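Open the model in your viewer and keep the selection tool at hand. The tour goes stop by stop.

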Amino acid sequence: MTEHYDVLVVGAGPAGLAAAQAAASHGARVGLVDAQARQGGQVWRHDAVHGTPRAASRAINASVGTRVPVTWLARHQVIAAQSQRLCAETPLGAVELSFGRLVIATGARELLLPFPGWTLPGVTGAGGLQALAKQGWPVRGKRVVVAGSGPLLWAAAASLRRHGARVLGIHEQASAAAMRAFALQLWRWPGRVAQALQLRAALHDVAHHCGSFVRRADGDAAVTSVQVTSGGTSMRVDCDLLAVGHGLVPNVALAGMLGCAMDRDGAHPVVQVDELLRTSVANIHAAGESCGIAGLSAARIEGRIAGHMAAGATAAATSLLRQRRHARRFGELLERHFALDPRLYALAEHDTIICRCEDVTLGALDGYTDARTARLATRCGMGACQGRVCGTALAQMGRFPRSDCRLPIFPARLATLADRASPPLPSRDSGDNHP
Amino acid sequence: MNTVNLSINGHAVTVPATASVAAAIATTPAACFRRSVNGQPRAALCGMGVCFECRVRIDGNPHVRACMTPVGEGMQVHTDD
C-alpha cells in the first residue's frame, strides 16, 4: 500500500518539526516520518522522568494546530528510497510513502572514536548516555566520567546529574585558550549565552578539564576505570560509566541514496543545498544538521525555510534567510574552537577493535587504503551499523574516506523486503564510488 | 507513575511505561546485551539507533534495537548472552 503526501518530512527533530509545521500552514498534506517512537529528535528527546522540554512541546503541538494537521508516522525507519517514493519498515511491516516534495531532516549522530577499552559495556557516547538516561537507563548514584568535545558534553553532564549521576569530571579535549576564545564569541548568540550560564550553574561543582582526554578504559565485564591525560600527565579515574563523544556527524545516507550531491565538511559529507535549501535533486530539500553541524537554532530556521519552500511559498522562505545566515555562523564557531586534537586519532592500538560489528582490529586494516577493499578483505564495516561507527571514525582518523551508503539504508527484516512487492528495491551497486 | 511488566531472559521486570527496552535491560543484572563475533560482552553505545550494539530478541524477533523500542506489557526480551 502506498500513501501519498504533498510534502514528506523525514526526521522529527527541531528541523523536521519546523518544516512540517511550515508546509502544513500553507494547506499541504504533510507526513512526518521518524524511526523513533516520539517526536523531538535527539536534542528534544522526551525524558522518561522529566517529560518533554517546553520548546519541544510547543513545536510538537504547533504541527497539530496547522490548517491541515500533520500526519505523524512514528517508528517508520526509512530503508530504501527512489525518485518520489520511500520505503519504511514499521513494527507492522513495510510501508511505501510517495511524495510531491521531500524534506530531509535526518540530523546528526555522535562521532565515536576508538581507543583501548571502548567496546566495554559502560562505555557510551556522551549524547549516547544522555539519550539512554532519558529513556530510563539507571544512572542514579553511578560515577560517570564525561569526555570528548563540544557543548554537548555540558548538556549531557547536566542531564546525567539531573538523573542522579555523580559526574566525576568533564574532560574537554580542546585547550583552555580555545574554550576562552569560544566563550568570548558567544555574545553574538544571546540564546546560547543564557544556555551556557544555566549549564554552568547546574555544573558549578563539577570539575571541568580542558586539553584533557580519555586515553583508555579498563575493566573485565564492564568499565571500572579510565586513564585520563591532561597536559603532560596521565592519571587513573575509577568510574562506573564513561560517556565520551567527539562532536557530531551529519546523517546523509537517505540524501545520498536519492542522488543528492554532497559537500565536504572535513572528513565527512554534508548535503549540498542552496540558500533556499534545495538539494541538487528537484523537489528534495534538506534542513538542519544533515546540511552541516550548526545547532538547534539553525535547524529550526532551516526547517521553516525548507517547509515553506516545499509548499511553494518562496516569499515566506526568503524572509528567513538573514536569520539563517546568523544561525549558521554558530556552526563555524564550533568548528573553529572545538577542532579535534590529532592525538585522539592515535589512541587505538594494533589490537584495538575498530569495527565493533565484526570485531576487526586496527592492525587487521594495515595496508588498506580504501574502505571497499578493507571491507571485502576484513569485513570491516560489513555489520549491522553498516560502517556508521567504524567508517566514520576511520575517515576522521585519516585512514580512508567513508564509502557511500548501501541498500537497505538500515538493516531490515527479510519479511519487510518481501512485503515490498512493487516496485522492487532499485538495483544499485554497492555504491563505493568515491567522489 | 504507570508501569509495565515485561520478561527479560525469563525474569519478571517492572519499569516505568515510558522506558525503553534498553533501559529495562539495564535495570537487571544481565551482564550484556549481546556477545560480539569473538564473544566479548557488549552493551548500548549510541543510545539513538545508529550502532546496533543493543540489539536483542524481542517477542521472537531477532536483532531489534532495544534503545529504539518502547517497553510493552508482557514483552519477552532475550539478550544474546
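Two residues are in contact when their C-beta atoms, placed from the backbone, lie within 7 Å. Keep that cut-off in mind for the first stop. Remember too that this is a predicted model.

**Stop 1: the interface**

Select chains A and B. Here 33 residues of chain B are in contact with 31 residues of chain A. Now highlight β2 (11-16), α1 (21-26) and β4 (41-42) of chain B: each supplies at least two residues of the side that touches chain A. Which element gives the most to that side of chain B? Pick α1(B), which gives three residues. Then colour this side of chain B by class: 21 residues are nonpolar, nine are polar and three are charged.

**Stop 2: the annotated span**

Stay with chain A and select residues 5-292. UniProt, in an unreviewed entry, lists this span as "domain: FAD/NAD(P)-binding". The annotation may be inferred rather than shown by experiment. By content the span is 24% helix and 33% strand. Click its two end C-alpha atoms; they lie 27 Å apart.

**Stop 3: strand β1**

Go to D6(A), in strand β1 (residues 2-10) of chain A. Is D6(A) buried or partly exposed? It has 19 C-beta neighbours inside 10 Å, so it counts as partly exposed; a buried residue needs 20 or more. Beyond four places in sequence, D6(A) is in contact with A28(A), R29(A), V30(A), G100(A) and R101(A). Add G27(A) to the view. It is 21 residues from D6(A) in sequence, and the C-alpha atoms are 9.6 Å apart.

**Stop 4: the core**

Select A19(A) and L242(A). In the largest nonpolar core, with its 169 residues, these two touch the most other members. Zoom in on A19(A). Not counting residues up to four places away, A19(A) touches V9(A), V103(A), A105(A), A287(A), G303(A), A306(A), G307(A) and A310(A).

**Stop 5: an enclosed helix**

Next, select α4, residues 152-162 of chain A. Why is this helix largely enclosed by the rest of the structure? Because eight of its 11 residues are buried. Label them: L152(A), L153(A), W154(A), A156(A), A157(A), A158(A), S159(A) and L160(A). Then show what covers them, including α3 (126-134), β9 (143-148), β10 (166-172), α6 (190-202) and β15 (241-245) of chain A. Step just past α4(A) to G164(A), where phi is positive, about 95 degrees.

**Stop 6: a helix pair**

Select α8 (residues 296-310) and α10 (residues 321-337) of chain A. They pack at an angle of about 145 degrees, with axes 8 Å apart. The crossing of α8(A) past α10(A) is left-handed. Show sticks for S297(A), A298(A), I301(A), E302(A) and I305(A) in α8(A). They meet Q323(A), R324(A), A327(A), R328(A), F330(A) and G331(A) in α10(A). The residues of this contact divide into five nonpolar, three polar and three charged.

**Stop 7: a loop residue**

Finish at A412(A), in the loop between α12 (390-396) and α13 (414-419) of chain A. A412(A) has 20 C-beta neighbours inside 10 Å, so it counts as buried. Leaving aside neighbours within four places in sequence, A412(A) is in contact with I79(A), E89(A) and L417(A). Last, pick A384(A): it is 28 residues from A412(A) in sequence and 9.7 Å away, C-alpha to C-alpha.

Note on methods: Residues are numbered from 1 along each chain as its sequence is written. Chains are lettered from A and ligands numbered from 1 in the order in which they are written. This is a predicted model: local features need pLDDT of at least 70, side-chain atom pairs count only at pLDDT 80 or more; totals for chains, interfaces and linings use all residues. Helices (H or I, at least four residues) and strands (E, at least two) are DSSP runs, numbered from the N terminus. A nonpolar core is a set of buried Ala, Val, Leu, Ile, Met, Phe, Trp, Tyr and Cys residues joined through C-beta atoms within 7 Å. A residue is buried if 20 or more other C-beta atoms lie within 10 Å of its own, exposed if 12 or fewer, and partly exposed in between; C-beta atoms are placed from the backbone. Ala, Val, Leu, Ile, Met, Phe, Trp, Tyr, Cys and Pro count as nonpolar, Asp, Glu, Lys and Arg as charged, and the others, Gly among them, as polar. Axes are lines fitted to C-alpha atoms, for helices over the stretch in contact, and angles run from 0 to 180 degrees between N-to-C directions. A crossing is left-handed if the near helix is turned anticlockwise from the far one by less than a right angle, and right-handed if clockwise.
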